[in-house]
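Visitor: I should like to understand how the terms used for a protein model are justified. May we take them one at a time?

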Amino acid sequence: MKGTTKGNEVLFIGESFIALSEIPEETTKLARAAGSLAANDSYVDKSVSGTWIGNGAGNSIPNQYKSNKNGVRFVIMNGGGNDCWQGGKESDRTNALNAAKALFEEMDQNGVEKIVYHFYPDPVGSQHASLKACLDLLRPEMKKLCDEQGSPKCYWVDLRETWNGHNEYAQQDGIHVAGPGNAPTAKAIWDSMEENCVAP
């Protein structure tokens with residue numbers, strides 16, 4: 001039933017791909033327009049630039065959830081980009097997967113109902129070859145982990161499908177979201193939310 005979710009029951013966590021973008025705000029607009037969110041209500045964004053999912057830092061993506069988990073029913077997240085960009089070793093990928101698995105288990109214990117995990121578009125530019133190589137290895141592993149989640153259910157959004165052929169969606173650094181990329185990225189997330197009854 002639409003309109004049964006409050007804004008503070010939906011939590012965005014992740015790193016600068018979210019934190020430096022307008023993705024949470026654009027997703028909020030779509031939810032309001034669809035009647036799933038009151039006109040004066042907003043989703044909560046606690047993403048922090050520069051954070052990893054697997055390094056255990058105080059502001060890591062799992063700790064963003066732990067610090068803001070009260071009353072959260074739905075989590076919209078990404079993770080693994082900095083584990084690849086700043087790390088990139090096989091051990092960094094393994095740590096990211098183990099941290100994500102532990103995070104999902106904690107969410108289950110806390111009553112989170114559903115997760116939307118949006119994974120990165122391909123970085124633009126040959127200078128990011130090593131980052132792309134790491135993401136290409138991590139992507140199927142993280143997708144498998146998400147797909148196998150029974151509780152909470154995890155829905156995978158591969159942003160390559162939205163971004164491919166649209167280099168204007170990326171900032172000059174080839175990684176972060178530029179102005180034109182905000183609305184289409186949010187729509188890809190919102191489409192998954194609507195299809196899977198996430199935050200109705």
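Guide: Certainly. Please keep in mind that this is a predicted model. Let us begin with Ala-199, which has a relative accessible area of 1%.

Visitor: Why is Ala-199 called buried?

Guide: Buried means under 20% relative accessible area. Ala-199 has 1%, and therefore Ala-199 is buried. This residue lies in the segment after helix 8.

Visitor: What makes the phi of Ala-199 worth a remark?

Guide: Its phi is positive, about 55°, although Ala-199 is not a glycine. Most residues other than glycine have a negative phi.

Visitor: What is the phi of Cys-197, and why is Cys-197 called partly exposed?

Guide: Cys-197, just after helix 8, takes a positive phi of about 55°, and this residue is not a glycine either. The relative accessibility of Cys-197 is 41%. Partly exposed covers the range between under 20%, which is buried, and over 50%, which is exposed. The value of 41% falls in between, so Cys-197 counts as partly exposed.

Visitor: Let us turn to the helix before these residues. How do you know that the span of helix 8 is close to the expected one?

Guide: Helix 8 has 17 residues, and 24 Å is expected at 1.5 Å a residue. From its first C-alpha to its last, helix 8 reaches 26 Å, which is close to that value.

Visitor: Where does helix 8 lie, and at what angle to strand 4?

Guide: Helix 8 (residues 179–195) lies across strand 3, strand 4 and strand 5, and runs at about 150° to strand 4. Its buried residues include Gly-181, Ala-188 and Trp-190. What covers the buried residues includes helix 1, helix 2 and helix 7, as well as strand 3, strand 4 and strand 5.

Visitor: What is the order of the strands in the sheet, and is the pairing parallel or antiparallel?

Guide: The sheet is open and has five strands in the order 2-1-3-4-5, with parallel pairing.

Visitor: Why are strand 2 and strand 5 said to stand at the edges?

Guide: Strand 2 (44–45) and strand 5 (153–158) each have a single partner strand, so one side of each is left without a neighbour in the sheet. Helix 5 (residues 90–110) packs on this sheet and touches strand 1, strand 3, strand 4 and strand 5. The direction of helix 5 makes about 160° with that of strand 3.

Visitor: How do you know that strand 1 and strand 3 pair?

Guide: Two strands pair if there are at least two bridges between them. Strand 1 (residues 10–13) and strand 3 (residues 74–77) have four, in the parallel sense, and therefore they pair. Within this pairing, Val-10 stands opposite Phe-74 in strand 3.

Visitor: Why is Lys-114 said to have no salt bridge?

Guide: A salt bridge requires a side-chain nitrogen of Lys or Arg within 4 Å of a carboxyl oxygen of Asp or Glu. For Lys-114, the nearest side chain of opposite charge, Glu-113, is 6.4 Å away, and therefore no salt bridge is assigned. Lys-114 is found in strand 4 and is buried. Among the residues in contact with Lys-114 are Phe-74, Tyr-155 and Cys-197. Another of these contacts is Pro-152, which is joined to Ser-151 by a cis peptide bond with omega about -5°.

Visitor: What makes the pair of Glu-113 and Arg-73 a salt bridge?

Guide: Their closest N and O atoms are 2.7 Å apart, which is within 4 Å, and therefore the pair is a salt bridge. The pair links distant parts of the chain, 40 residues apart: Glu-113 is in the loop between helix 5 and strand 4, and Arg-73 is in the loop between helix 3 and strand 3. Glu-113 has a relative accessible area of 36% and is partly exposed.

Visitor: Why are Asp-147 and Lys-143 separated by about one helical turn?

Guide: They are four residues apart in helix 6, and that is why the separation is about one helical turn. Their side chains meet in a salt bridge, at 2.6 Å from N to O. Helix 6 also holds Asp-136 and Lys-132, likewise four residues apart, and these two form a salt bridge with their closest N and O atoms 2.7 Å apart.

Visitor: Which residues are linked with Asp-136 in a network of salt bridges?

Guide: The network links Asp-136 with Asp-122, Lys-132 and Arg-139. In total, the structure holds 15 salt bridges.

Methods. Residues numbered from 1 in each chain as written. Predicted model: local features only at pLDDT ≥ 70, side-chain atom pairs only at ≥ 80, totals over all residues. Heavy atoms only, no water. Helix = DSSP H or I, 4+ residues; strand = E, 2+ residues; numbered from the N terminus. Contact = heavy atoms within 4.5 Å. Axes fitted to C-alpha atoms, helices over the stretch in contact; angles between N-to-C directions. Buried < 20%, exposed > 50% of the residue type's maximum accessible area, 1.4 Å probe, protein only. Lys, Arg positive; Asp, Glu negative; His and termini not counted. Expected span 1.5 Å × (residues − 1). Lists of a residue's contacts leave out its neighbours within four places in sequence.
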